[in-house]
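Grab a coffee and open the structure next to the sequence. Below are some exercises, each followed by a solution worked out in steps.

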Amino acid sequence: MKLLEFFFPVGKMLKPDQIAGEIPPAKDIVRRTFDIAWPSATESVLVALISAVDMMMVGNLGKEAISAVGITSQPRMLALALILALNISVTVLVSRRKGEQRQKEANAYLRQAVLLSITLAFLLSGSAALFAPQLLRFAGANNDYIHLSIPYFRIIMIGNFFNSVSLTMTAAQRGAGNTKISMVTNLTANIVNLIFNALLINGLFGFPRLEVTGAAIATMIGNIVSFCIALYSVTRPNGFLQLRLSDKWGFDKTYLNDIVEISKSSAIEQVFLRVGFFTYAKAVASLGTLEFSAHQVCMNIMTISFAIGDGLQIANTSLVGQSLGARRPDMAMIYGKVAQRIGITLAVITGICISTFSTNILSLFTTDPEVIQTAILPLNVLSLTVLFQIPQVIVVGSLRGAGDVKFVALMMLISVTCVRPILAYILCYPVGLGLIGAWFALFLDQLTRFTLSFIRYRQGKWTKIVV
(Lines give C-alpha, C1' and ligand atoms only; values in the text may rest on other atoms or scores of the structure.)
Protein backbone atom coordinates (compact mmCIF):
# COMPACT_ATOMS: atom_id res chain seq x y z
CA MET A 1 0.00 0.00 0.00
CA LYS A 2 2.79 2.45 0.94
CA LEU A 3 4.64 1.65 -2.29
CA LEU A 4 1.48 2.33 -4.30
CA GLU A 5 0.96 5.68 -2.57
CA PHE A 6 4.64 6.54 -3.19
CA PHE A 7 4.32 6.07 -6.95
CA PHE A 8 0.76 7.47 -7.15
CA PRO A 9 0.41 10.15 -4.43
CA VAL A 10 -3.09 11.18 -5.53
CA GLY A 11 -3.52 13.47 -2.53
CA LYS A 12 -0.56 15.57 -3.71
CA MET A 13 -1.42 15.67 -7.41
CA LEU A 14 -3.74 18.67 -7.05
CA LYS A 15 -3.66 22.05 -5.35
CA PRO A 16 -6.24 22.47 -2.53
CA ASP A 17 -8.35 24.89 -4.63
CA GLN A 18 -8.59 22.31 -7.45
CA ILE A 19 -10.31 19.64 -5.34
CA ALA A 20 -14.05 19.44 -6.13
CA GLY A 21 -15.05 16.54 -3.87
CA GLU A 22 -13.87 13.45 -2.05
CA ILE A 23 -10.74 11.89 -3.59
CA PRO A 24 -10.77 8.07 -3.54
CA PRO A 25 -7.72 6.19 -2.21
CA ALA A 26 -4.80 5.61 -4.59
CA LYS A 27 -5.55 1.89 -4.83
CA ASP A 28 -9.11 2.56 -6.05
CA ILE A 29 -7.96 5.07 -8.69
CA VAL A 30 -5.17 2.81 -9.94
CA ARG A 31 -7.52 -0.20 -9.96
CA ARG A 32 -10.14 1.65 -12.03
CA THR A 33 -7.46 2.89 -14.42
CA PHE A 34 -6.19 -0.66 -14.86
CA ASP A 35 -9.71 -2.11 -15.17
CA ILE A 36 -10.36 0.08 -18.22
CA ALA A 37 -6.77 0.26 -19.48
CA TRP A 38 -5.76 -3.41 -19.49
CA PRO A 39 -8.27 -4.52 -22.15
CA SER A 40 -7.33 -1.55 -24.36
CA ALA A 41 -3.60 -1.98 -23.77
CA THR A 42 -3.80 -5.75 -24.30
CA GLU A 43 -5.85 -5.22 -27.44
CA SER A 44 -3.48 -2.60 -28.86
CA VAL A 45 -0.30 -4.56 -28.13
CA LEU A 46 -1.62 -7.94 -29.31
CA VAL A 47 -3.16 -6.44 -32.45
CA ALA A 48 0.18 -4.74 -33.16
CA LEU A 49 2.01 -8.02 -32.54
CA ILE A 50 -0.35 -9.89 -34.86
CA SER A 51 0.17 -7.18 -37.49
CA ALA A 52 3.90 -7.62 -36.98
CA VAL A 53 3.55 -11.35 -37.59
CA ASP A 54 1.59 -10.42 -40.70
CA MET A 55 4.60 -8.42 -41.90
CA MET A 56 6.95 -11.28 -40.95
CA MET A 57 4.96 -13.64 -43.18
CA VAL A 58 5.12 -11.19 -46.08
CA GLY A 59 8.77 -10.46 -45.26
CA ASN A 60 9.73 -14.00 -46.18
CA LEU A 61 8.70 -13.20 -49.76
CA GLY A 62 11.48 -10.58 -50.10
CA LYS A 63 12.06 -6.84 -49.80
CA GLU A 64 9.80 -6.10 -52.80
CA ALA A 65 6.86 -7.73 -50.99
CA ILE A 66 7.63 -5.78 -47.80
CA SER A 67 7.70 -2.54 -49.79
CA ALA A 68 4.53 -3.45 -51.73
CA VAL A 69 2.55 -3.90 -48.53
CA GLY A 70 4.22 -1.00 -46.73
CA ILE A 71 3.56 1.57 -49.46
CA THR A 72 -0.21 1.06 -49.06
CA SER A 73 -0.14 2.07 -45.39
CA GLN A 74 -0.55 5.84 -45.79
CA PRO A 75 -3.10 5.69 -48.67
CA ARG A 76 -5.12 3.27 -46.51
CA MET A 77 -4.96 5.65 -43.54
CA LEU A 78 -5.93 8.52 -45.84
CA ALA A 79 -9.14 6.61 -46.66
CA LEU A 80 -9.75 6.21 -42.89
CA ALA A 81 -8.98 9.84 -41.93
CA LEU A 82 -12.55 11.17 -41.72
CA ILE A 83 -13.75 7.98 -40.02
CA LEU A 84 -11.10 8.39 -37.31
CA ALA A 85 -12.13 12.02 -36.83
CA LEU A 86 -15.75 10.93 -36.49
CA ASN A 87 -14.75 8.28 -33.96
CA ILE A 88 -12.98 10.77 -31.71
CA SER A 89 -16.17 12.81 -31.43
CA VAL A 90 -18.22 9.66 -30.75
CA THR A 91 -15.90 8.61 -27.90
CA VAL A 92 -15.99 12.12 -26.38
CA LEU A 93 -19.78 12.51 -26.60
CA VAL A 94 -20.64 9.00 -25.38
CA SER A 95 -18.19 9.25 -22.45
CA ARG A 96 -19.74 12.57 -21.37
CA ARG A 97 -23.28 11.20 -21.59
CA LYS A 98 -22.18 8.09 -19.72
CA GLY A 99 -20.85 10.30 -16.91
CA GLU A 100 -24.15 12.21 -16.92
CA GLN A 101 -26.16 8.93 -17.06
CA ARG A 102 -28.03 10.06 -20.20
CA GLN A 103 -28.30 6.72 -22.02
CA LYS A 104 -30.92 7.77 -24.56
CA GLU A 105 -28.74 10.58 -25.90
CA ALA A 106 -25.66 8.35 -25.99
CA ASN A 107 -27.52 5.90 -28.23
CA ALA A 108 -28.78 8.72 -30.44
CA TYR A 109 -25.18 9.81 -31.02
CA LEU A 110 -24.26 6.21 -31.83
CA ARG A 111 -26.99 5.92 -34.50
CA GLN A 112 -25.93 9.17 -36.15
CA ALA A 113 -22.30 8.09 -36.11
CA VAL A 114 -23.05 4.69 -37.68
CA LEU A 115 -25.05 6.32 -40.50
CA LEU A 116 -22.22 8.79 -41.14
CA SER A 117 -19.62 6.04 -41.00
CA ILE A 118 -21.45 3.89 -43.58
CA THR A 119 -21.75 6.85 -45.96
CA LEU A 120 -18.15 8.01 -45.60
CA ALA A 121 -16.72 4.49 -45.74
CA PHE A 122 -18.50 3.74 -49.02
CA LEU A 123 -17.33 6.97 -50.66
CA LEU A 124 -13.74 6.93 -49.37
CA SER A 125 -12.98 3.23 -49.79
CA GLY A 126 -14.58 3.14 -53.24
CA SER A 127 -12.65 6.21 -54.44
CA ALA A 128 -9.37 4.86 -53.09
CA ALA A 129 -9.85 1.52 -54.88
CA LEU A 130 -10.77 3.26 -58.13
CA PHE A 131 -7.70 5.50 -58.12
CA ALA A 132 -5.29 2.95 -56.64
CA PRO A 133 -2.54 3.29 -59.28
CA GLN A 134 -2.46 7.07 -59.03
CA LEU A 135 -2.50 7.04 -55.21
CA LEU A 136 0.30 4.50 -54.93
CA ARG A 137 2.47 6.26 -57.51
CA PHE A 138 1.98 9.51 -55.64
CA ALA A 139 2.91 7.75 -52.39
CA GLY A 140 6.27 6.86 -53.94
CA ALA A 141 5.78 3.30 -55.23
CA ASN A 142 8.32 2.35 -57.89
CA ASN A 143 8.35 -0.22 -60.69
CA ASP A 144 10.02 -2.85 -58.47
CA TYR A 145 6.80 -3.58 -56.62
CA ILE A 146 3.84 -1.43 -57.77
CA HIS A 147 2.43 -4.40 -59.74
CA LEU A 148 2.06 -6.15 -56.36
CA SER A 149 0.72 -3.09 -54.55
CA ILE A 150 -2.26 -2.27 -56.78
CA PRO A 151 -4.26 -5.54 -56.38
CA TYR A 152 -3.30 -5.70 -52.69
CA PHE A 153 -4.60 -2.18 -52.08
CA ARG A 154 -7.86 -2.68 -53.97
CA ILE A 155 -8.71 -5.82 -52.02
CA ILE A 156 -8.00 -4.26 -48.61
CA MET A 157 -10.22 -1.30 -49.55
CA ILE A 158 -13.18 -3.71 -49.70
CA GLY A 159 -12.36 -4.77 -46.15
CA ASN A 160 -11.81 -1.12 -45.22
CA PHE A 161 -15.53 -0.42 -45.64
CA PHE A 162 -16.42 -3.02 -42.98
CA ASN A 163 -13.49 -1.99 -40.79
CA SER A 164 -14.58 1.67 -40.81
CA VAL A 165 -18.08 0.94 -39.50
CA SER A 166 -16.67 -1.51 -36.95
CA LEU A 167 -14.25 1.13 -35.64
CA THR A 168 -17.11 3.58 -35.14
CA MET A 169 -19.13 1.12 -33.06
CA THR A 170 -16.14 0.14 -30.90
CA ALA A 171 -15.22 3.83 -30.45
CA ALA A 172 -18.65 4.37 -28.90
CA GLN A 173 -18.16 1.33 -26.66
CA ARG A 174 -14.83 2.72 -25.47
CA GLY A 175 -16.52 5.99 -24.58
CA ALA A 176 -18.94 4.01 -22.43
CA GLY A 177 -15.99 2.28 -20.76
CA ASN A 178 -16.63 -1.07 -22.50
CA THR A 179 -13.04 -1.59 -23.63
CA LYS A 180 -13.26 -5.39 -23.37
CA ILE A 181 -15.69 -5.44 -26.32
CA SER A 182 -13.20 -3.63 -28.51
CA MET A 183 -10.44 -5.98 -27.36
CA VAL A 184 -12.43 -9.11 -28.25
CA THR A 185 -13.49 -7.62 -31.60
CA ASN A 186 -10.03 -6.70 -32.77
CA LEU A 187 -8.20 -9.71 -31.41
CA THR A 188 -10.65 -12.18 -32.96
CA ALA A 189 -10.48 -10.39 -36.31
CA ASN A 190 -6.70 -10.31 -36.28
CA ILE A 191 -6.39 -13.97 -35.35
CA VAL A 192 -8.69 -14.80 -38.28
CA ASN A 193 -6.47 -12.60 -40.46
CA LEU A 194 -3.38 -14.45 -39.25
CA ILE A 195 -4.87 -17.89 -39.95
CA PHE A 196 -5.88 -16.96 -43.49
CA ASN A 197 -2.48 -15.33 -44.01
CA ALA A 198 -0.82 -18.65 -43.36
CA LEU A 199 -3.26 -20.46 -45.64
CA LEU A 200 -3.31 -18.00 -48.54
CA ILE A 201 0.21 -16.54 -48.56
CA ASN A 202 1.91 -19.94 -48.49
CA GLY A 203 -0.84 -22.13 -49.97
CA LEU A 204 -1.24 -24.54 -47.05
CA PHE A 205 -3.76 -27.41 -46.76
CA GLY A 206 -4.89 -27.21 -50.38
CA PHE A 207 -5.42 -23.44 -50.45
CA PRO A 208 -3.88 -21.61 -53.43
CA ARG A 209 -0.49 -19.89 -52.91
CA LEU A 210 -1.42 -16.24 -53.52
CA GLU A 211 1.50 -14.54 -51.71
CA VAL A 212 0.88 -10.74 -51.42
CA THR A 213 -2.65 -11.02 -52.82
CA GLY A 214 -3.36 -13.74 -50.24
CA ALA A 215 -2.33 -11.34 -47.46
CA ALA A 216 -4.86 -8.81 -48.79
CA ILE A 217 -7.71 -11.36 -48.88
CA ALA A 218 -6.86 -12.43 -45.31
CA THR A 219 -7.03 -8.81 -44.16
CA MET A 220 -10.41 -8.36 -45.84
CA ILE A 221 -11.83 -11.48 -44.16
CA GLY A 222 -10.56 -10.27 -40.78
CA ASN A 223 -12.25 -6.88 -41.31
CA ILE A 224 -15.59 -8.54 -42.08
CA VAL A 225 -15.31 -10.64 -38.92
CA SER A 226 -14.59 -7.52 -36.82
CA PHE A 227 -17.68 -5.83 -38.26
CA CYS A 228 -19.90 -8.78 -37.34
CA ILE A 229 -18.63 -8.88 -33.74
CA ALA A 230 -18.90 -5.09 -33.30
CA LEU A 231 -22.46 -5.12 -34.67
CA TYR A 232 -23.42 -7.89 -32.27
CA SER A 233 -22.02 -5.87 -29.34
CA VAL A 234 -24.39 -2.95 -29.99
CA THR A 235 -27.48 -5.07 -30.69
CA ARG A 236 -27.42 -7.11 -27.48
CA PRO A 237 -30.16 -6.29 -24.95
CA ASN A 238 -29.32 -4.73 -21.58
CA GLY A 239 -26.16 -2.98 -22.76
CA PHE A 240 -25.62 0.76 -22.21
CA LEU A 241 -25.28 1.16 -25.98
CA GLN A 242 -27.95 -0.44 -28.19
CA LEU A 243 -28.89 -0.23 -31.86
CA ARG A 244 -32.46 -1.35 -32.60
CA LEU A 245 -34.41 -1.32 -35.85
CA SER A 246 -37.37 0.09 -33.93
CA ASP A 247 -35.38 3.22 -33.00
CA LYS A 248 -35.72 6.44 -34.94
CA TRP A 249 -33.24 6.24 -37.84
CA GLY A 250 -32.26 8.96 -40.28
CA PHE A 251 -30.07 11.96 -39.75
CA ASP A 252 -31.10 14.18 -36.83
CA LYS A 253 -29.81 17.75 -37.02
CA THR A 254 -29.63 18.18 -33.24
CA TYR A 255 -27.27 15.27 -32.61
CA LEU A 256 -25.53 15.57 -35.96
CA ASN A 257 -24.46 19.15 -35.21
CA ASP A 258 -22.77 18.05 -31.96
CA ILE A 259 -20.87 15.30 -33.77
CA VAL A 260 -19.83 17.60 -36.60
CA GLU A 261 -18.76 20.36 -34.20
CA ILE A 262 -16.21 18.11 -32.49
CA SER A 263 -15.36 16.19 -35.65
CA LYS A 264 -14.43 19.39 -37.51
CA SER A 265 -11.32 19.93 -35.43
CA SER A 266 -10.57 16.22 -35.38
CA ALA A 267 -10.96 16.10 -39.18
CA ILE A 268 -8.50 18.96 -39.54
CA GLU A 269 -6.16 17.09 -37.21
CA GLN A 270 -6.49 13.94 -39.32
CA VAL A 271 -5.80 15.91 -42.51
CA PHE A 272 -2.66 17.37 -40.94
CA LEU A 273 -1.61 13.91 -39.75
CA ARG A 274 -2.20 12.23 -43.10
CA VAL A 275 -0.49 14.97 -45.11
CA GLY A 276 2.50 14.80 -42.77
CA PHE A 277 2.72 11.00 -42.70
CA PHE A 278 2.09 10.75 -46.44
CA THR A 279 4.83 13.20 -47.41
CA TYR A 280 7.21 11.67 -44.87
CA ALA A 281 6.65 8.16 -46.26
CA LYS A 282 7.03 9.50 -49.80
CA ALA A 283 10.40 11.03 -48.90
CA VAL A 284 11.62 7.68 -47.50
CA ALA A 285 10.21 5.67 -50.44
CA SER A 286 12.29 7.80 -52.81
CA LEU A 287 15.48 6.52 -51.14
CA GLY A 288 15.03 3.12 -52.82
CA THR A 289 13.49 -0.32 -52.28
CA LEU A 290 16.13 -1.49 -49.76
CA GLU A 291 15.86 1.61 -47.57
CA PHE A 292 12.07 1.64 -47.73
CA SER A 293 11.91 -2.05 -46.83
CA ALA A 294 14.14 -1.45 -43.78
CA HIS A 295 12.02 1.57 -42.88
CA GLN A 296 8.81 -0.47 -43.00
CA VAL A 297 10.26 -3.11 -40.67
CA CYS A 298 11.21 -0.39 -38.16
CA MET A 299 7.80 1.24 -38.49
CA ASN A 300 6.16 -2.07 -37.61
CA ILE A 301 8.27 -2.25 -34.46
CA MET A 302 7.34 1.36 -33.71
CA THR A 303 3.66 0.42 -34.06
CA ILE A 304 4.09 -2.08 -31.24
CA SER A 305 5.69 0.55 -29.00
CA PHE A 306 2.92 3.01 -29.92
CA ALA A 307 0.32 0.41 -29.02
CA ILE A 308 1.55 0.39 -25.41
CA GLY A 309 0.75 4.08 -25.03
CA ASP A 310 -2.35 3.85 -27.20
CA GLY A 311 -4.02 1.39 -24.81
CA LEU A 312 -3.51 3.79 -21.92
CA GLN A 313 -4.62 6.70 -24.11
CA ILE A 314 -7.95 5.00 -24.86
CA ALA A 315 -8.59 4.36 -21.16
CA ASN A 316 -7.52 7.88 -20.25
CA THR A 317 -9.83 9.43 -22.86
CA SER A 318 -12.78 7.51 -21.43
CA LEU A 319 -11.98 8.23 -17.77
CA VAL A 320 -11.34 11.93 -18.37
CA GLY A 321 -14.55 12.31 -20.38
CA GLN A 322 -16.63 10.49 -17.76
CA SER A 323 -15.07 12.51 -14.91
CA LEU A 324 -15.79 15.82 -16.64
CA GLY A 325 -19.32 14.63 -17.44
CA ALA A 326 -19.79 13.93 -13.72
CA ARG A 327 -18.53 17.50 -12.94
CA ARG A 328 -15.28 16.24 -11.42
CA PRO A 329 -12.40 18.02 -13.21
CA ASP A 330 -10.16 17.14 -10.26
CA MET A 331 -10.62 13.42 -10.92
CA ALA A 332 -10.00 13.99 -14.64
CA MET A 333 -6.60 15.50 -13.77
CA ILE A 334 -5.76 12.72 -11.34
CA TYR A 335 -6.62 9.96 -13.82
CA GLY A 336 -4.48 11.73 -16.39
CA LYS A 337 -1.47 11.93 -14.07
CA VAL A 338 -1.80 8.32 -12.94
CA ALA A 339 -1.87 7.14 -16.57
CA GLN A 340 1.18 9.31 -17.35
CA ARG A 341 3.23 7.74 -14.58
CA ILE A 342 2.35 4.26 -15.77
CA GLY A 343 3.24 5.31 -19.32
CA ILE A 344 6.66 6.74 -18.42
CA THR A 345 7.57 3.49 -16.66
CA LEU A 346 6.52 1.43 -19.68
CA ALA A 347 8.40 3.79 -22.03
CA VAL A 348 11.70 3.25 -20.19
CA ILE A 349 11.27 -0.54 -20.21
CA THR A 350 10.34 -0.54 -23.93
CA GLY A 351 13.30 1.66 -24.89
CA ILE A 352 15.77 -0.59 -23.08
CA CYS A 353 14.33 -3.73 -24.71
CA ILE A 354 14.50 -2.25 -28.23
CA SER A 355 18.08 -1.07 -27.75
CA THR A 356 19.30 -4.32 -26.18
CA PHE A 357 17.67 -6.78 -28.59
CA SER A 358 17.64 -4.73 -31.82
CA THR A 359 19.29 -7.35 -34.06
CA ASN A 360 17.18 -10.19 -32.65
CA ILE A 361 13.97 -8.19 -33.18
CA LEU A 362 14.86 -7.32 -36.77
CA SER A 363 15.69 -10.93 -37.62
CA LEU A 364 12.10 -11.86 -36.78
CA PHE A 365 10.84 -9.70 -39.67
CA THR A 366 13.31 -10.58 -42.40
CA THR A 367 16.23 -12.87 -43.14
CA ASP A 368 17.72 -10.42 -45.65
CA PRO A 369 21.07 -9.29 -44.13
CA GLU A 370 21.03 -6.04 -46.12
CA VAL A 371 17.64 -5.05 -44.74
CA ILE A 372 18.71 -5.92 -41.17
CA GLN A 373 21.95 -3.94 -41.43
CA THR A 374 20.16 -0.92 -42.90
CA ALA A 375 17.54 -0.98 -40.12
CA ILE A 376 19.91 -1.16 -37.11
CA LEU A 377 20.57 2.59 -36.71
CA PRO A 378 16.91 3.67 -37.20
CA LEU A 379 15.88 1.12 -34.57
CA ASN A 380 18.35 2.59 -32.09
CA VAL A 381 16.83 6.02 -32.72
CA LEU A 382 13.43 4.47 -32.00
CA SER A 383 14.68 3.24 -28.60
CA LEU A 384 15.12 6.92 -27.61
CA THR A 385 11.97 8.11 -29.37
CA VAL A 386 9.64 5.92 -27.30
CA LEU A 387 10.70 7.80 -24.14
CA PHE A 388 8.76 10.78 -25.50
CA GLN A 389 6.27 9.00 -27.74
CA ILE A 390 4.41 6.91 -25.14
CA PRO A 391 3.92 9.68 -22.52
CA GLN A 392 2.73 12.25 -25.09
CA VAL A 393 0.19 9.80 -26.53
CA ILE A 394 -1.32 9.45 -23.05
CA VAL A 395 -1.42 13.22 -22.46
CA VAL A 396 -3.12 13.74 -25.83
CA GLY A 397 -5.71 11.18 -24.65
CA SER A 398 -6.57 13.49 -21.73
CA LEU A 399 -6.94 16.48 -24.05
CA ARG A 400 -9.14 14.54 -26.48
CA GLY A 401 -11.27 13.15 -23.67
CA ALA A 402 -11.92 16.74 -22.57
CA GLY A 403 -12.85 17.79 -26.10
CA ASP A 404 -9.72 19.95 -26.54
CA VAL A 405 -9.46 18.78 -30.14
CA LYS A 406 -8.66 22.22 -31.62
CA PHE A 407 -5.38 22.39 -29.74
CA VAL A 408 -4.52 18.81 -30.72
CA ALA A 409 -5.18 19.69 -34.38
CA LEU A 410 -2.90 22.75 -34.16
CA MET A 411 -0.19 20.69 -32.51
CA MET A 412 -0.37 18.08 -35.27
CA LEU A 413 -0.07 20.84 -37.89
CA ILE A 414 3.13 22.13 -36.30
CA SER A 415 4.72 18.79 -35.50
CA VAL A 416 3.53 16.16 -37.98
CA THR A 417 2.70 18.27 -41.03
CA CYS A 418 5.67 20.63 -40.78
CA VAL A 419 8.47 19.38 -38.52
CA ARG A 420 8.58 15.70 -39.54
CA PRO A 421 8.36 15.81 -43.38
CA ILE A 422 10.38 19.01 -43.86
CA LEU A 423 13.22 17.85 -41.62
CA ALA A 424 13.07 14.38 -43.20
CA TYR A 425 13.59 15.81 -46.67
CA ILE A 426 16.40 18.13 -45.53
CA LEU A 427 18.23 15.44 -43.54
CA CYS A 428 17.72 12.68 -46.13
CA TYR A 429 18.79 14.60 -49.22
CA PRO A 430 20.60 18.00 -48.88
CA VAL A 431 22.39 16.87 -45.69
CA GLY A 432 22.82 13.37 -47.13
CA LEU A 433 21.99 11.27 -44.06
CA GLY A 434 19.62 8.99 -45.96
CA LEU A 435 17.33 6.74 -43.90
CA ILE A 436 18.85 7.68 -40.54
CA GLY A 437 17.98 11.32 -41.32
CA ALA A 438 14.32 10.38 -41.69
CA TRP A 439 14.38 8.77 -38.25
CA PHE A 440 16.06 11.78 -36.66
CA ALA A 441 13.18 13.83 -38.09
CA LEU A 442 10.67 11.39 -36.54
CA PHE A 443 12.43 11.73 -33.17
CA LEU A 444 12.20 15.54 -33.32
CA ASP A 445 8.51 15.29 -34.26
CA GLN A 446 7.79 13.21 -31.14
CA LEU A 447 9.87 15.52 -28.96
CA THR A 448 7.90 18.53 -30.25
CA ARG A 449 4.56 16.85 -29.54
CA PHE A 450 5.75 15.78 -26.08
CA THR A 451 6.71 19.36 -25.20
CA LEU A 452 3.59 21.07 -26.56
CA SER A 453 1.11 18.56 -25.10
CA PHE A 454 2.64 18.65 -21.62
CA ILE A 455 2.59 22.47 -21.56
CA ARG A 456 -1.08 22.44 -22.54
CA TYR A 457 -1.92 19.78 -19.96
CA ARG A 458 -0.24 21.66 -17.11
CA GLN A 459 -2.18 24.84 -17.96
CA GLY A 460 -5.42 22.99 -17.09
CA LYS A 461 -7.64 24.91 -19.54
CA TRP A 462 -8.88 21.63 -21.00
CA THR A 463 -10.83 20.85 -17.81
CA LYS A 464 -13.16 23.80 -18.45
CA ILE A 465 -14.28 22.84 -21.97
CA VAL A 466 -18.04 22.28 -22.31
CA VAL A 467 -19.19 19.46 -24.63
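Two helices count as roughly antiparallel when the angle between their N-to-C directions is over 145 degrees, and as roughly parallel when that angle is under 35 degrees. Keep in mind that you're looking at a predicted model.

**Exercise 1. Work out how α8 and α9 run relative to each other, and what their contact is made of.**

Step 1: get the geometry. The axes of α8 and α9 cross at roughly 155° and come within 8 Å.

Step 2: apply the cut-off. Anything over 145 degrees counts as roughly antiparallel, and α8 and α9 are therefore roughly antiparallel to each other.

Step 3: add the handedness. The crossing of α8 past α9 is right-handed.

Step 4: look at who meets whom. On the α8 side, the residues in contact include I181, T185, V192, F196 and L200. Their partners in α9 include G214, I217, I221, V225 and I229.

Step 5: sort the contact by class. You get 13 nonpolar and 9 polar residues, with no charged ones.

**Exercise 2. Go to the loop between α8 and α9 and describe the backbone and exposure of F205 and E211.**

Step 1: place them. F205 sits in the loop that links α8 (179–202) to α9 (212–233), and E211 is in the loop between α8 and α9 too.

Step 2: check phi. F205 has a positive phi, near 50°, and is a residue other than glycine. For E211, also not a glycine, phi is positive at about 55°.

Step 3: check accessibility. F205 counts as exposed because its relative accessibility is 76%. E211 has a relative accessible area of 33%, so this residue is partly exposed.

**Exercise 3. Decide whether α4 and α10 are parallel or antiparallel, and break down their contact.**

Step 1: find the helices. α4 covers residues 73–99 and α10 covers residues 253–285.

Step 2: read the packing. The axes are 8 Å apart and the packing angle is about 150°. That angle makes α4 roughly antiparallel to α10.

Step 3: note that α4 passes α10 in a right-handed crossing. By class, the contact of α4 with α10 holds 17 nonpolar, 5 polar and 3 charged residues.

**Exercise 4. Do the same for α11 and α14, then inspect one residue from each helix.**

Step 1: start with the axes. Those of α11 and α14 cross at roughly 15° and come within 8 Å. That makes α11 roughly parallel to α14.

Step 2: the crossing of α11 and α14 is right-handed. Their contact divides into 20 nonpolar, 12 polar and 4 charged residues.

Step 3: pick L312, which lies in α11 (residues 289–325). L312 counts as buried because its relative accessibility is 5%. Leaving out residues up to four places away in sequence, L312 touches A37, A339, I342, G343, L346 and I394. V395 is 83 residues from L312 in sequence, yet the C-alpha to C-alpha distance is 9.7 Å.

Step 4: now S398, which lies in α14 (residues 369–401). At 0% relative accessibility, S398 is buried. Setting aside neighbours within four places in sequence, S398 contacts N316, V320, G336, Y457 and W462.

**Exercise 5. Find out whether T366 is buried or exposed, and what it touches.**

Step 1: locate T366 in the loop between α13 (358–365) and α14.

Step 2: use the cut-off. Buried means under 20% relative accessible area, and T366, at 5% relative accessibility, counts as buried.

Step 3: list the contacts. Not counting residues up to four places away in sequence, T366 touches I66, V371 and I372.

Step 4: for a sense of distance, try K12. K12 and T366 are 354 residues apart in sequence and 49 Å apart in space, C-alpha to C-alpha.

**Exercise 6. How many residues does the largest nonpolar core have, and which have the most contacts inside it?**

Step 1: the largest nonpolar core has 77 residues. Those with the most contacts inside it are I71, F153, I301, L362, L382 and W439.

Step 2: zoom in on L362. Apart from neighbours within four places in sequence, L362 is in contact with V297, I301, I372, A375, I376 and L379.

Step 3: look for another core. A second, separate core of 27 residues includes Y109, F240, L241 and L256.

How values were computed:
Residues numbered from 1 in each chain as written. Predicted model: local features only at pLDDT ≥ 70, side-chain atom pairs only at ≥ 80, totals over all residues. Heavy atoms only, no water. Helix = DSSP H or I, 4+ residues; strand = E, 2+ residues; numbered from the N terminus. Buried < 20%, exposed > 50% of the residue type's maximum accessible area, 1.4 Å probe, protein only. Contact = heavy atoms within 4.5 Å. Core = buried A, V, L, I, M, F, W, Y, C linked by side-chain atoms within 4.5 Å. Axes fitted to C-alpha atoms, helices over the stretch in contact; angles between N-to-C directions. Parallel < 35°, antiparallel > 145°, perpendicular 65-115°, else oblique. Left-handed = near helix turned anticlockwise from the far one by under 90°. Nonpolar A, V, L, I, M, F, W, Y, C, P; charged D, E, K, R; others polar.
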